[in-house]
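Me: Could you take a close look at the part around the ligand for me, and at the helices beside that part? I am a first-year student, so please explain the terms as you go.

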Amino acid sequence: MSVNKVILVGRLGRDPETRYTGGGQAVANFSMATDETYKDKNGERQKRTEWHKIVVWSKLAEIAQQYLKKGSLLYLEGRIQTREWQDKEGQKRTTTEIVAPKVLLLAAVAAQPAPAATTWKATPRPPTILTVVAPAQGTPPAALKSPTKTFPSNVSVTNRQLRLQSRPKGLVAPGDLQLAESPVPELKDGQALAKVKYLSIDPTMRVWMAADSYLPAVGIGEVMRAVGFAEILESRHPDYKKGDRITGLTGLQDCVIVDKAAKSFFQKLPKIPFVSDTVFLGVLGFNGLTAFFGMEIAAPKKGETLVVSAAAGATGSIAGQIGKIHGCRVVGIAGTDDKCAWITKDLGFDAAINYKHPDWKEKLAAATPSGIDIDFENVGGEIMQEVLNRMNLHGRVVVCGFISGYTKEDPNMVSLGTVIVKRLHIQGFLILDYASRFMEAATQLGQWKMFGKLKDRETIVEGLEKAPDAINMLFTGGNTGKLIVKI
Ligand SMILES: NC(=O)c1ccc[n+]([C@@H]2O[C@H](COP(=O)([O-])OP(=O)(O)OC[C@H]3O[C@@H](n4cnc5c(N)ncnc54)[C@H](OP(=O)(O)O)[C@@H]3O)[C@@H](O)[C@H]2O)c1
């Protein structure tokens, strides 16, 4: 018996088929495709698809039946075992099995569908049989869990909305957003009613409150625009049924109507066992996607120095970790010693600078002895200026956001003279422009998270009525990782 550890990531070729043994134990069978590379006779690298037959038992079989579908992306971790047995003719046969105590669904719907189920039968190589004998819960790896800080609320749920009453000056003031109650309208054909469970709190909400920008400003009296996670309660919409989970522009309210005619932007979400719902607002939501595409623009190369500002926030923490995946020296800038400790000790950043310490500029210089090749800019103002001062010739600046300016009438912008002197490549971007590639990016982010290469944290504030305070936390540094309001 071998004890070699194996990890397989692949797609299901067909829906699982479940049967029950005489003793009432559930057994599910399916096939999984993995992409392998090998060298042919001429030493050339070739790709081929390997097919593995998988057998899972007991509750895991029931879970498989419920959650896995043709095309699902699956992660298996276990050890190889060979088993000898005799066939009907008395011939000795050997089966290679993988006993896999860790079986995790990475994505319920595949970006690229797996080849037809029958393909594996045609392969000249015998399929590997994976016998999965994991316990029912299939304990998730620690990397999947997002440490959460919670601010509790005593207010019970009602059908309430936060409406924009006045455009804020500086931080959101009491009364800028007012709590109103409104009856849930009767559902018409083509509509579904969804209960909002979590709200993503994003710096851009402050921008939407103030003036027209890449989206029109929220109108006075309108429900405040926000991205949320919701569950369908009732449906007369052809695309949704009760229990479906969605993300999209729910607004700051308890319930939202999803209307086919209004072509509102909502996306149905897969049920992924062991993954919290809030992950769809953070690592697998707009922040993860923003970090992913921002770092794609940055085109990091091994050995380059990357500096990320707001580095302990939802976007910056992921961008920095993607830099590490690409082999960069990563330096984060954040506003507390605790945040700096988190990004270096837990997330693997090479150095972190607390910009509230008086000597932070000297510390930044010491942490970037070879200069800076890439600036992933989330903050703007003085922090960005200092980073630009340390950029190498022809360095790349990816402008993700200027949070230091969002609450100011007159934001302190950087001097673009440095861009000429250093011949910098500077590019801004908006995540909305990448909508057609969200699935591709989410699949990659999900895999990185599953392999423990991306860690995340959440700060959760309970109660819709606390959303205005939560928005301000972004500008006072009250959050570590993704900031969410739980309703
Ligand atoms: N381009 C896009 O499509 C796109 C999409 C999403 C987000 N963004 C941008 O990405 C940035 C981060 O957004 P996020 O949602 O991930 O928020 P976040 O980083 O989770 O939270 C904001 C953080 O910014 C820091 N901060 C606030 N004011 C600051 C100041 N004056 N100086 C220095 N740091 C300050 C605070 O941390 P400290 O304690 O470290 O100060 C705060 O925790 C924002 O600029 C946002 O607009 C852009």
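Reply: Happy to help; here is a walk from the ligand outwards.

This is a predicted model, in which local features need pLDDT of at least 70, side-chain atom pairs count only at pLDDT 80 or more, and totals for chains, interfaces and linings use all residues. Residues are numbered from 1 along each chain as its sequence is written.

Let's begin with the ligand. It is surrounded by 32 residues, where a residue is near a molecule if its C-beta atom, placed from the backbone, lies within 6 Å of it. Gly313, Thr315, Gly335, Gly401 and Gly477 are the closest. Sorted by class, the shell has 17 nonpolar, 13 polar and two charged residues. Here Ala, Val, Leu, Ile, Met, Phe, Trp, Tyr, Cys and Pro count as nonpolar, Asp, Glu, Lys and Arg as charged, and the others, Gly among them, as polar.

Where does the shell come from? Domain 2 (120–277) and domain 3 (286–434) each give at least three residues; these bounds come from an automatic or database domain assignment. At least two shell residues come from each of the helices α4 (286–298), α5 (314–325) and α11 (467–476). Helices (H or I, at least four residues) and strands (E, at least two) are DSSP runs, numbered from the N terminus, and the protein chain has 11 helices and 23 strands.

Now follow α4 to a partner. Two packed helices are described by the angle between their axes and the distance between the axes. For α4 and α10 (residues 438–450), the axes come within 10 Å and cross at roughly 95°. The axes are lines fitted to C-alpha atoms over the stretch in contact, with angles from 0 to 180 degrees between N-to-C directions. The two helices α4 and α10 are therefore roughly perpendicular, a label for angles of 65 to 115 degrees. On the α4 side, Gly288, Leu289, Phe292 and Phe293 make the contact, and on the α10 side Phe438, Ala441, Ala442, Gln444 and Leu445 do. Contact means that C-beta atoms, placed from the backbone, lie within 7 Å. This contact has seven nonpolar, two polar and no charged residues.

Finally, look at the loop between β21 (425–428) and α10, where Leu432 sits. Leu432 is exposed because 11 other C-beta atoms lie within 10 Å; the cut-offs are 12 or fewer for exposed, 20 or more for buried, and partly exposed in between, with C-beta atoms placed from the backbone. The C-alpha atoms of Leu432 and Tyr214 are 9.8 Å apart, with 218 residues separating the two along the chain.

How values were computed
Parallel < 35°, antiparallel > 145°, perpendicular 65-115°, else oblique. Contact = placed C-beta atoms within 7 Å.
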